[in-house]
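Colleague: I am new to this structure and would like a close look at a single part of it, the place where the two chains meet. Could you take me through that part slowly, and then show me what lies around it?

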Amino acid sequence: MQVITGNKAVILGALRAGANYYAGYPITPSSEIMEYWSNEIITAKSPYKLNFLQTEDEISAIHSIIGASLAGATSFTATSGPGFSLMQEGIGLAFTYQTPIVIIDSQRVGPSTGMPTLTAQGDIMQTQYGSHGDYKSVVFYPNSVKEAYELTIKAFDTAQKVSGPVIILLDAFVSHIVENVDLPTVEDIFSDIKNEIDSNTQEKDKRKYLPLAQDNHSRYFSGLTTKDNLPETKDPEAYKKWITERLDLYKQNEKDLVDFELYSRGNAENLIIAFGGLSRLLYEIIDSEPTMYDLFRPKVLFPTPSEQLKSIANRYKNIFVLEQNQGQYANALRAETLLEIKSIPCNLGGYLDIQEIGDLLNKNTISK
Amino acid sequence: MKIEPILKQNVKPIWCDGCGLYILESALAQVFTEQGYNQKNTVIVSGIGCSARISGYFGCDGIHTTHGRAIPVAEAIKIVRPELNIIVISGDGDLLGIGLNHLLHSSRRDSNITVICNRNEIYGMTGGQTASTTPKGAKTSTAPIGTYDNPVDTKPYIVGNEKHYYARTSITDLNHLKNAVTGGLNWNGFSYIEVISICPTNRGKMMGFANPAQMLMATKNLTQEGNKLYQLEIDYNDNIKTQ
């Protein structure tokens with residue numbers, strides 16, 4: 001057992017998933033992720049080469065992990081809202097290059113500098129529509145230290161499967177919560193990986209491309225639409241072929257990705273959809289009022305668990321999304337399920353107060 | 001000299017007739033061939049713009065990144081795969097405008113890459129807008145009565161690092177250009193080569209040149225007149241005091 005934060009669990013998960021390259025720029029509340037990597041991981045005696053680069057800004061960080069991934073590394077970065085905004089152009093580039101990368105965004109109260117040390121959930125839509133053009137990204141969102149470890153491993157695996165950017169959302173609450181968990185230590189992970197290397201049972205790279213300079217012919221990685229390794233910027237057919245293949249890959253993986261928790265203590269009439277730090281308060285509220293509320297908690301926000309939600313919707317009188325923003329995820333779910341999903345915006349200025357949230361729920365459910 | 005293997009044969013560059021990039025491309029192809037660079041040991045990284053299209057024309061893996069971000073991508077590749085030759089080739093709008101920040105920091109970190117900048121003093125691909133390198137007073141499509149600001153001088157930025165390799169060279173002097181590039185490629189650490197070049201279409205027309213040859217001759221004269229921004233030189237220092 002070890003007593004660690006969500007941020008530390010992310011590092012352990014990344015290491016277990018085979019990550020060997022981190023580039024980033026410090027920003028609260030994600031900074032400890034970079035500190036753990038540079039202090040405890042890079043300096044440890046590892047059986048393989050690990051890399052770290054503290055870049056001059058987040059734009060450099062995202063492009064650095066893209067370059068590292070092209071070169072063959074398993075790379076990731078961590079940031080918060082303002083840095084996540086700066087990374088958006090690079091996220092679109094990774095989608096276009098088909099480069100697996102993992103970006104961790106620990107959310108804080110915004111917009112702009114906002115309240116850097118306090119928790120919020122304002123970046124949900126930025127994970128989907130933050131970059132320009134038309135693209136997709138998969139989003140994981142744990143609500144505990146143990147789950148931060150597990151979902152980070154899944155996120156790296158998914159990045160390879162979809163050959164593109166995968167985002168792990170955290171919030172200041174999940175980043176900084178300290179829990180007593182049964183997770184492997186850094187030494188455990190190193191020795192496991194060493195055994196895998198020695199016995200040659202390491203999982204093979206699932207990415208679509210060989211690392212740079214290892215293929216037999218030259219390749220061209222470009223943000224431009226390309227055809228046969230050459231820029232093709234005026235051929236609608238080339239674009240359609242490429243984007244169809246690209247989106248199909250996401251479609252193929254959608255079923256396996258959907259992941260959620262349904263927490264129920266009785267025949268409740270209201271379904272509350274919540275995630276991340278905020279969802280932790282719901283367990284207690286439900287325990288005290290089992291016939292009022294059930295919790296539906298997506299661990300993967302995108303792709304959305306639309307089918308699963310539709311299949312249980314008729315059990316409930318009301319479906320609410322409780323989130324620390326003005327209704328971003330409620331909008332997404334409503335659009336995808338066409339269900340009557342109500343939004344309970346709950347931006348309490350960075351604090352999670354169980355009394356206040358209980359009152360907010362009662363007020364909304366009783367008036368309906 | 002045989003230069004086919006390093007240049008793709010099935011590609012026609014997008015550059016205008018008379019563009020300085022043709023000269024730069026062929027000079028680089030000669031140097032890369034002399035150095036034994038090929039698909040298995042070299043990666044070329046570029047940003048956005050006319051110059052940046054060059055990464056798609058060489059016969060090795062080419063990476064065409066977003067605007068200004070070639071250096072962060074290149075530096076990361078070198079960290080992961082130190083055995084590869086990593087070369088950034090891009091334009092001044094890309095490297096000295098939107099991406100200047102990365103040039104300063106990557107040279108400060110002494111990342112082991114070579115950066116080659118095609119300095120044509122204009123945003124060529126987008127139609128001739130003022131660049132950070134456009135000389136003061138020059139007319140552009142966004143400065144109809146002439147620019148107000150001084151052009152960027154990269155030399156102090158690079159030689160400000162105690163260990164450095166800085167070259168300013170020109171497409172009008174092929175031998176100097178090839179020497180400057182060869183020196184940079186063999187330099188152990190960050191090397192920067194600025195190549196004075198021409199854009200006859202979007203800069204030349206505003207300067208009143210009748211054809212690219214006139215512009216080329218005028219540029220050659222500039223490099224011989226003693227103006228510090230056009231002086232051909234190779235300035236390096238690896239004599240670092242150990243502490």
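Modeller: Two strands are said to pair if DSSP finds at least two bridges between them, and with that in hand we can begin where the chains meet, keeping in mind that this is a predicted model. Strand β10 of chain A and strand β2 of chain B, which covers residues 61-64, pair in the parallel sense over three bridges. Within this pairing, Tyr220(A) stands opposite Gly62(B) in β2(B).

The pairing of these two strands belongs to a contact that takes 33 residues from chain A and 28 residues from chain B. On the side of chain A that touches chain B, the elements that give two or more residues are β2 (21-24), β3 (51-54), α3 (58-71), α4 (81-97), β10 (220-222) and β12 (230-231) of chain A. Of these, α3(A) gives the most, with 10 residues. By kind, the residues on this side of chain A divide into 18 nonpolar, 11 polar and four charged.

On the chain B side of the story, strand β4, residues 114-119, is worth following, for six of its six residues are buried. In a regular strand the side chains alternate between the two faces of the sheet. In β4(B), Thr114(B), Ile116(B) and Asn118(B) point one way, while Val115(B), Cys117(B) and Arg119(B) point the other way, and all are buried. Strand β3 of chain B, residues 85-91, pairs with β4(B) in the parallel sense over five bridges, and here Ser90(B) stands opposite Cys117(B). Strand β6 of chain B, residues 191-196, is also joined to β4(B), by six bridges, and these two strands run parallel; in this pairing Asn118(B) stands opposite Val195(B).

Helix α7 of chain B, residues 200-207, has buried residues too, namely Pro200(B), Asn202(B), Arg203(B) and Gly204(B). What covers the buried residues of α7(B) includes α8 (212-223) of chain B. After α7(B) comes Gly208(B), whose phi is positive, near 85 degrees.

Returning to chain A as a whole, its secondary structure comes to 13 helices and 18 strands. Its radius of gyration is 21 Å, close to the 21 Å that the globule rule gives for 368 residues, so chain A is as compact as a globular protein of that length. Taken along the principal axes, the C-alpha atoms of chain A fill a box of roughly 65 × 50 × 40 Å, and 48% of its 368 residues count as buried. Among the contacts in chain A between residues at least 6 apart in sequence, 75% join residues at least 24 apart.

Chain A also holds an open sheet of five strands, in the order β13-β15-β14-β17-β18, with mixed pairing. The strands β13 (260-263) and β18 (341-345) of chain A stand at the edges with a single partner strand each, so one side of each is left without a neighbour in the sheet. Neighbouring strands of this sheet are turned by 25 degrees against each other on average, direction ignored. Strand β17 of chain A, residues 318-323, runs parallel to β18(A) and is joined to it by five bridges, with Leu322(A) opposite Ile344(A). Helix α12 of chain A, residues 328-337, packs on the sheet, where it touches β14 (270-273), β17 and β18 of chain A, and its direction makes about 145 degrees with that of β17(A).

Key:
Residues are numbered from 1 along each chain as its sequence is written. Chains are lettered from A and ligands numbered from 1 in the order in which they are written. This is a predicted model: local features need pLDDT of at least 70, side-chain atom pairs count only at pLDDT 80 or more; totals for chains, interfaces and linings use all residues. Two residues are in contact if their C-beta atoms, placed from the backbone, lie within 7 Å. Helices (H or I, at least four residues) and strands (E, at least two) are DSSP runs, numbered from the N terminus. Ala, Val, Leu, Ile, Met, Phe, Trp, Tyr, Cys and Pro count as nonpolar, Asp, Glu, Lys and Arg as charged, and the others, Gly among them, as polar. The radius of gyration is taken over C-alpha atoms; the globule rule is 2.2 Å times the number of residues to the power 0.38. A residue is buried if 20 or more other C-beta atoms lie within 10 Å of its own, exposed if 12 or fewer, and partly exposed in between; C-beta atoms are placed from the backbone. Axes are lines fitted to C-alpha atoms, for helices over the stretch in contact, and angles run from 0 to 180 degrees between N-to-C directions.
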